[in-house]
Amino acid sequence: MKKLKKLLMTSAVIYLCIVFVCCEKVGDSVRNAVKICGFSLLPSLFPFMILSSFVSLTDLKYEFSNIFGVAGEKLFHCPKKYTHILFLSLIGGYPIGANMINSDLEKGEMNISEAEKLLCFCVNCSPAFIISGVGLGILGDIKAGVIIWISEVLSCIITACFTHMKTDSSCIPNPKDTIPYCQALVKSINNSAISMLCIFGFVIGFSAFTAVLSNNRFFMKIIDFCYNIFFKKILPYNYFETLIFGMIEISGGIFRINQGLIQYMSLFSFLTAFGGIGVFFQIKNCIKMKINFKPFIISRFAMGIYSALFTEIFKRYFLKTSVYAMGNIGAEAYINSNSIIYTLCMLSMIITILLKKEEVF
């Protein structure tokens with residue numbers, strides 16, 4: 001324990017030294033992160049956080065599950081009583097599903113095993129962020145954003161089918177510990193405001209961290225070495241670099257690209273479904289009880305690969321004209337395009353084998 005504390009202290013000192021050396025670039029990254037929080041995350045996430053919290057605190061969650069329970073069971077193999085968590089996570093954003101799972105855990109309405117399985121497919125990027133922020137804002141085509149979101153929903157369905165959750169078609173029980181609507185609304189707004197501040201902290205903190213890494217010569221040499229050895233024949237360098245930084249902090253990685261290049265669609269699809277290490281920490285912070293996060297981490301890779309594969313396929317059929325019309329796209333990306341889809345297929349097969357092992361979940 002003492003060695004771990006010394007290592008953490010040493011790492012913190014080194015981090016602070018690098019921040020002081022690269023203070024201007026770190027400051028730019030923090031300012032960009034604040035803009036992302038204010039102009040993208042706040043409008044796309046905060047209203048849904050209030051809604052999800054309100055539903056989980058009132059008897060509406062039972063009504064919601066009764067109405068959409070059959071669809072949840074048939075498509076996602078999700079028990080009726082948790083359907084409200086699933087569907088609100090699909091339209092709300094990453095931490096919403098985790099917050100609702102934690103709420104049911106604390107009330108004793110859900111056990112640890114169920115929480116571990118639900119986390120595997122109830123942590124999703126919001127369609128508002130994908131369609132408006134990524135599709136329209138970065139790729140310059142709202143159809144591209146719709147394709148990425150549909151791909152993520154399909155990957156969520158596939159991942160959910162491998163979690164081996166037992167569905168129960170019985171009626172949802174009557175509410176016992178819900179609170180009045182007025183009180184629930186006030187509590188929902190308060191809880192959502194606190195959660196949003198926490199999310200902003202993670203986004204800004206990890207954006208500063210990625211800025212430090214991108215200005216560290218040693219780290220960038222490692223990136224170059226890995227690219228030249230393993231990925232040079234498969235991916236363009238900008239693609240690989242965006243992938244690495246996006247897996248650390250999704251918004252910082254995605255918003256590194258501002259050229260509107262359609263060939264980045266499958267990459268963005270992977271990153272939005274995967275979430276990034278910053279999102280992992282947010283989810284860990286949401287779940288107050290001790291659970292096994294190994295299935296959750298495996299499922300993030302699974303969803304990311306499935307989503308990228310679907311996006312690559314849909315892109316070729318529905319955005320073919322748009323792709324070839326882009327004059328500023330380098331030839332290298334298209335030389336490697338078939339290698340990308342073959343690689344995704346192989347990775348999806350490997351992940352499927354891992355997910356089929358029932359003991360993982």
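Select Y306 to begin, and you will find this residue in helix α15 of a model that is predicted. Y306 counts as buried because its relative accessibility is 5%, and buried here means under 20%. Now add I158 to the selection and draw a line between the two C-alpha atoms, which lie 8.2 Å apart in space although Y306 and I158 are separated by 148 residues in sequence.

**The whole chain**

Zoom out to the full protein chain and colour by secondary structure, where 18 helices and 0 strands appear. The chain has 361 residues, and buried residues make up 51% of them. Among the contacts that join residues at least 6 apart in sequence, 79% are between residues at least 24 apart, and the pair you have just selected, Y306 and I158, is 148 residues apart in sequence.

**Aromatic pairs**

Next, show the side chains of the aromatic residues, since a search of the whole structure finds 8 aromatic pairs. One of them is formed by Y227 and F240, a tilted pair with 5.6 Å from centre to centre and 40° between the planes. Y227 belongs to helix α10 (residues 217-231) and F240 to helix α11 (residues 237-248), with their positions 13 residues apart in the sequence, so that the pair links distant parts of the chain. Are Y227 and F240 buried or exposed? Both Y227 and F240 are buried.

Move on to F280 and F296, whose rings meet edge-to-face, at 5.5 Å centre to centre and with 70° between the planes. Because F280 lies in helix α14 and F296 in helix α15 (residues 294-318), this pair ties together parts that are 16 residues apart in sequence. F280 is buried, and F296 is buried as well. Widen the selection to F270, F274, F280, F293, F296 and F301, and you have one aromatic cluster on screen.

**The nonpolar core**

Select F76, L86, I101, L119 and F121, which are the residues with the most contacts inside the largest nonpolar core, a set of 82 residues. Then centre the view on L86 and look for what it touches: leaving aside residues up to four places away in sequence, the contacts of L86 are G72, F76, C78, F121, C122 and C156.

**Two helices to compare with their surroundings**

Helix α6 (residues 112-119) is a good next selection, being mostly covered, with 6 of its 8 residues buried. Those buried residues of α6 are E114, A115, E116, K117, L118 and L119. Which helices should be shown to see what covers them? The cover over the buried residues of α6 includes α5, α14 and α15.

From there go to helix α7 (residues 127-138), whose buried residues are P127, F129, I130, I131, G133, V134, G135 and I138. Continue along the chain past the end of α7 and stop at G140, where phi is positive, near 75°.

**The cavity**

Turn on a cavity display, and look for the 1 cavity of 30 Å³ or more that the structure holds. About 200 Å³ of space lies in the largest cavity. Its lining consists of 19 residues, among which L41, L45, Y94, I250 and V279 are the closest to the centre. Two or more lining residues come from each of α2 (23-57), α5 (94-107), α9 (181-214), α12 (250-254) and α14 (277-286), and α9 gives the most, with 4 residues. Coloured by class, the lining of the largest cavity shows 12 nonpolar, 6 polar and 1 charged residues.

**The pocket**

Finish at the largest pocket, which has a volume of about 620 Å³. Select S53, N99, N102, N191 and S195, since these lie nearest the centre of the pocket among the 26 residues that line it. Helices α2, α5, α9 and α14 each supply at least two residues of this lining. Which helix gives the most to the lining of the largest pocket? That helix is α9, with 8 residues, and α9 also gives the most to the lining of the largest cavity. By class, the pocket lining is made up of 10 nonpolar, 11 polar and 5 charged residues.

Key: Residues numbered from 1 in each chain as written. Predicted model: local features only at pLDDT ≥ 70, side-chain atom pairs only at ≥ 80, totals over all residues. Heavy atoms only, no water. 1 Å grid on protein atoms, 1.4 Å probe; cavity = no way out; pocket = protein on both sides within 12 Å on 5 of 7 lines; lining within 4 Å. Points joined across faces, edges and corners; volume = space filled by probe spheres on them. Nonpolar A, V, L, I, M, F, W, Y, C, P; charged D, E, K, R; others polar. Core = buried A, V, L, I, M, F, W, Y, C linked by side-chain atoms within 4.5 Å. Buried < 20%, exposed > 50% of the residue type's maximum accessible area, 1.4 Å probe, protein only. Contact = heavy atoms within 4.5 Å. Phe/Tyr/Trp six-rings, centres within 6.5 Å; stacked < 30°, edge-to-face > 60°.
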